[in-house]
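Me: I am new to this structure and should like to go through it by question and answer. Please show it first, and then begin with the term needed for the first question.

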Amino acid sequence: KFLYTCFNRSVRDNAESKFGENVTVKNVHSLAYQHTEAWKYDIAKSFDVFDVISALKIKKKRGSKNFDAKLAGHILNGMNTYLNSSCKDVNKFSYENYAESSFADENMDQIKDGIVSLNGKMANAEIPILHNFYLKKFQIESPNLGYDYIIGDEMQDSSPCILDLFRAQKCNKLVLGDVFQSVYKWMLAENALSEFVDDGFQSLKLTQSFRFRQDVADLAKQIINLKKHICEDPNFEIKGVGGTKTLDTHAY
C-alpha cells in the first residue's frame with residue numbers, strides 16, 4: 001500500500017491517472033480533513049485582523065495609535081506561525097522567536113495570550129477555523145495511516161508541521177523535491193530535503209530530464225550557478241535528453 005502526497009489538484013489528477021490501484025493519491029490537507037472530521041467545523045473563507053479584534057474583543061488603547069490592529073496582526077501572525085510550526089502545544093509556542101518588532105517585544109505576553117485564546121475558540125467551534133488548524137490537529141493526533149510506503153512530493157516546500165507528520169509515520173518513505181524551487185518560506189518551509197539527509201535518508205540526484213534539450217539544460221546550469229554569489233556553490237549537473245527539434249514559444 002502506497003500513499004503519494006502532493007500539493008495541488010492538477011498533480012493529484014495526473015498521478016491518479018498513472019498509478020495503480022494500490023496507490024492512494026492525496027494532498028496533506030485532504031488527509032487531515034478526512035482524519036480530523038474537519039467538516040464538523042465552520043471553515044473560514046478568509047480571516048483577517050478585524051476578525052481577530054472581533055473574536056477577542058480587543059480594545060483600542062488611549063495614546064497608542066492603531067494599538068488594536070497591531071495587536072491583532074501579531075496575534076494572527078503568531079497563530080499562523082504556530083499552525084505551521086512543529087510545536088504541538090500552543091501554550092509552549094515561543095512567538096518571540098519569530099517576531100521582530102519593538103511593539104511585539106513590549107506586548108509579548110498579551111500577544112501570546114491572544115494566540116492561546118484564538119486557538120481555544122477555534123477548538124471549541126466558537127469561531128470559524130483556518131485550514132491549517134485541522135492540519136495542526138492532525139499533527140497533534142498523529143494517527144497511524146497504515147501504509148507500507150509514503151512518497152512525499154515537493155517536500156522542499158513542506159512546513160515543519162508537515163515534516164513532523166511525515167516523520168511520525170512508521171513505514172518506508174521516499175522524499176522528492178528540488179531545493180531550487182523552494183518558494184514557501186513564509187510558511188516556515190526551509191530546505192527540508194537536507195533535514196532528511198541529516199535523518200539518515202540516502203540522497204539521490206535526478207540529473208536527467210526528457211522535457212528539454214541540452215541547450216536548455218546548459219542555460220539552466222548558468223542560472224543556478226549564480227546562486228554561488230549568495231550561498232554555497234550549487235555544483236549541480238543537469239542533462240537535457242529531450243528529443244524535440246521544434247521551437248514552441250508562447251508569450252503572455
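Reply: A charge is said to sit over a ring if NZ of Lys or CZ of Arg is within 6 Å of the ring centre and within 35 degrees of the ring normal. The structure to which this is applied is a predicted model.

Me: Over the face of which residue does Lys136 lie?
Reply: A charge over a ring requires a distance within 6 Å of the ring centre. Lys136 is placed at 4.7 Å from the ring centre, and the residue whose face it covers is Tyr82.

Me: How far is the charged end of Lys1 from the centre of the ring of Tyr147?
Reply: The charged end of Lys1 sits over the ring of Tyr147. The limit for such a placement is within 6 Å of the ring centre. For Lys1 and Tyr147 the distance is 5.1 Å.

Me: What is the order of the four strands in the open sheet?
Reply: The pairing in this sheet is parallel, and the twist averages 20° from one strand to the next. The edge strands, each pairing on one side only, are β2 (23-27) and β4 (172-175). The order is therefore one that begins and ends with strands pairing on one side only, where pairing takes at least two bridges. It reads β2-β1-β3-β4.

Me: Which residue in β3 is the bridge partner of Phe2?
Reply: Strand β1 (residues 2-6) and strand β3 (residues 149-152) run parallel and are joined by four bridges. Phe2 has its bridge partner in β3, namely Tyr149.

Me: At about what angle to β2 does α2 run?
Reply: Helix α1 (residues 9-18) lies across β1 and β2, and its direction is about 150° to β1. Helix α2 also lies across β1 and β2. Its angle to β2 is about 95°.

Me: Which helix gives the most to the largest nonpolar core?
Reply: This core has 54 residues, and among those touching the most other members are Phe47, Ile75, Met79 and Met122. Several helices each supply at least two residues, including α2, α3 (49-56), α4 (67-84) and α6 (108-123). With eight residues, the helix that gives the most is α4.

Me: Which residues does Met122 touch, not counting residues up to four places away in sequence?
Reply: Met122 is one of the core residues that touch the most other members. With residues up to four places away in sequence not counted, Met122 touches Tyr41, Phe47, Met79, Ile127, Pro128, Ile129, Leu130 and Phe133.

Me: How many aromatic pairs are there, and are the planes of Tyr33 and Tyr134 stacked or edge-to-face?
Reply: The count comes to 10 aromatic pairs. Tyr33 and Tyr134 lie 5.6 Å centre to centre, with 75° between the planes. Because planes over 60 degrees apart count as edge-to-face, this pair is edge-to-face.

Me: Is Tyr134 buried or exposed?
Reply: Tyr134 is in helix α7 (residues 131-141), 101 residues apart from Tyr33 in helix α2 (residues 28-35). Tyr33 is partly exposed, with a relative accessible area of 31%. The cut-off for buried is under 20%. Because its relative accessibility is 5%, Tyr134 counts as buried.

Me: What is the phi of Glu154 near?
Reply: Most residues other than glycine have a negative phi. Ser142, in the loop between α7 and β3, has a positive phi of about 45°. Glu154 is in the loop between β3 and α8 and is partly exposed, at 33%. Its phi is likewise positive, near 55°.

Note on methods. Residues numbered from 1 in each chain as written. Predicted model: local features only at pLDDT ≥ 70, side-chain atom pairs only at ≥ 80, totals over all residues. Heavy atoms only, no water. Phe/Tyr/Trp six-rings, centres within 6.5 Å; stacked < 30°, edge-to-face > 60°. Buried < 20%, exposed > 50% of the residue type's maximum accessible area, 1.4 Å probe, protein only. Core = buried A, V, L, I, M, F, W, Y, C linked by side-chain atoms within 4.5 Å. Contact = heavy atoms within 4.5 Å. Axes fitted to C-alpha atoms, helices over the stretch in contact; angles between N-to-C directions.
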